[in-house]
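Reader: Please pick one part of this model and take me through its local detail residue by residue, giving the cut-off behind each term. Plain statements will do.

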Amino acid sequence: MTRSMPENALNFQLELRGETLLLRPLKPEDFDGLYAAGSDPAVWAGHPARERYKPEVFRQYFDAQMASKSTLVFIDRATGKLIGCSRYYVAPDQPQAVSIGFTFLNNAYWGGATNFEIKRLMLDHAFLSVDDVWFHIDPTNIRSQKATAKLGAVHAYDAVLDISGSPLNWMCFRLTRDAWAEVKSAQGH
C-alpha cells in the first residue's frame with residue numbers, strides 16, 4: 001500500500017540561506033529579474049524547451065511556477081540578482097516522496113559550486129521529511145541527467161507521467177537519504 005505524503009509534511013514556501021545564495025519563494029514581481037536570468041538561448045540549449053528564452057514562452061513557464069506555490073528563486077547574495085529557480089512537487093507515481101525539478105540556472109553559474117549549493121539547500125530541507133527525493137528528467141536533457149547523477153541519484157525507471165500539464169516521457173531518478181549523505185561527505189559537507 002502506498003501512502004501519500006501529508007500536505008503539511010514539507011514546507012514548500014520557505015527561505016533557505018547558503019554561503020553564496022538565498023533561496024526564497026517566487027513572487028509575481030520576480031518576472032523581470034528571472035527572465036533576465038533565462039533570456040540567453042544558451043541557458044536552454046540541450047533542454048526540451050529550447051525556445052524558453054523568448055518572453056512569451058518564458059511567461060508561460062513563469063506563470064506555471066507561480067501557480068505551483070512551491071517554486072524557489074535563487075538569488076546571488078553578492079549581487080542581489082536572480083539567477084534561476086527550482087521547485088518542489090509531489091509526483092503522481094511517488095506520492096510518499098518529494099520531487100525537485102522545473103529547474104534552470106543562468107549559464108554564467110554553470111560548472112561551479114552553485115548547482116551543488118542549490119541542491120544541498122533543497123535536498124537537506126526535503127530529507128527532513130522524506131526518505132527519497134525524485135527527479136524527473138526529459139530523456140533528451142543530457143546535461144540534467146549528468147548533474148543529477150553527480151548528486152548520487154540513480155536512474156530507477158522510465159515512465160509516462162503528467163507532472164507538467166500533459167503526459168510526457170520522463171526518466172525517473174531516485175536519490176536516497178543515505179546516498180545523499182555519502183555525496184555530501186565526499187564534498188566535505
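Author: A residue is called buried under 20% relative accessible area, exposed over 50% and partly exposed in between, using a 1.4 Å probe and protein chains only. The model is predicted, and local features need pLDDT of at least 70, side-chain atom pairs count only at pLDDT 80 or more, and totals for chains, interfaces and linings use all residues. Residues are numbered from 1 along each chain as its sequence is written, and side-chain values use heavy atoms, with hydrogens and water left out.

The part chosen is the pair of rings formed by Tyr 89 and Phe 102, in strand S4 and strand S5. Strands (E, at least two residues) and helices (H or I, at least four) are DSSP runs numbered from the N terminus. Two rings of Phe, Tyr or Trp (its six-membered ring) pair if their centres lie within 6.5 Å; planes under 30 degrees apart are stacked, over 60 edge-to-face, the rest tilted.

That rule gives a count of 13 aromatic pairs. In the pair formed by Tyr 89 and Phe 102, the ring centres are 5.3 Å apart and the planes stand at 75°, so this pair is edge-to-face. Tyr 89 belongs to strand S4 and Phe 102 to strand S5, 13 residues apart, and the pair links distant parts of the chain.

The two partners can be taken one at a time. Tyr 89 counts as buried because its relative accessibility is 7%. Phe 102 has a relative accessible area of 22%, so Phe 102 is partly exposed. The backbone of Phe 102 has a phi near 60°, a positive value in a residue other than glycine, and Phe 102 takes it while lying in strand S5. Aromatic residues also gather elsewhere: Phe 31, Tyr 35, Trp 44, Phe 58, Tyr 61, Phe 62 and Phe 104 make up one aromatic cluster.

For positive phi, Lys 69 is another case. Its phi is about 55° although Lys 69 is not a glycine. Lys 69 is placed in the loop between H3 and S3, and a relative accessible area of 62% makes Lys 69 exposed. A glycine with positive phi is Gly 188, at about 85°, just after H6.

On the other side of strand S3, the loop between S3 (71–76) and S4 holds Ala 78. Its relative accessible area is 74%, so Ala 78 is exposed. The C-alpha atoms of Ala 78 and Leu 21 are separated by 8.2 Å, while the two residues are 57 apart along the chain.

Helix H6, which precedes Gly 188, spans residues 177–186, and Trp 180, Val 183 and Lys 184 are buried in it. Viewed down the axis of H6, these buried residues fall within an arc of 100°, so they line one face of the helix; the arc is that of the directions from the helix axis to the C-beta atoms. Turned away from that buried side, the opposite face of H6 carries Asp 178, Glu 182, Ser 185 and Ala 186, which are exposed. The buried residues of H6 pack against H4, H5 and S8, where contact means heavy atoms within 4.5 Å.
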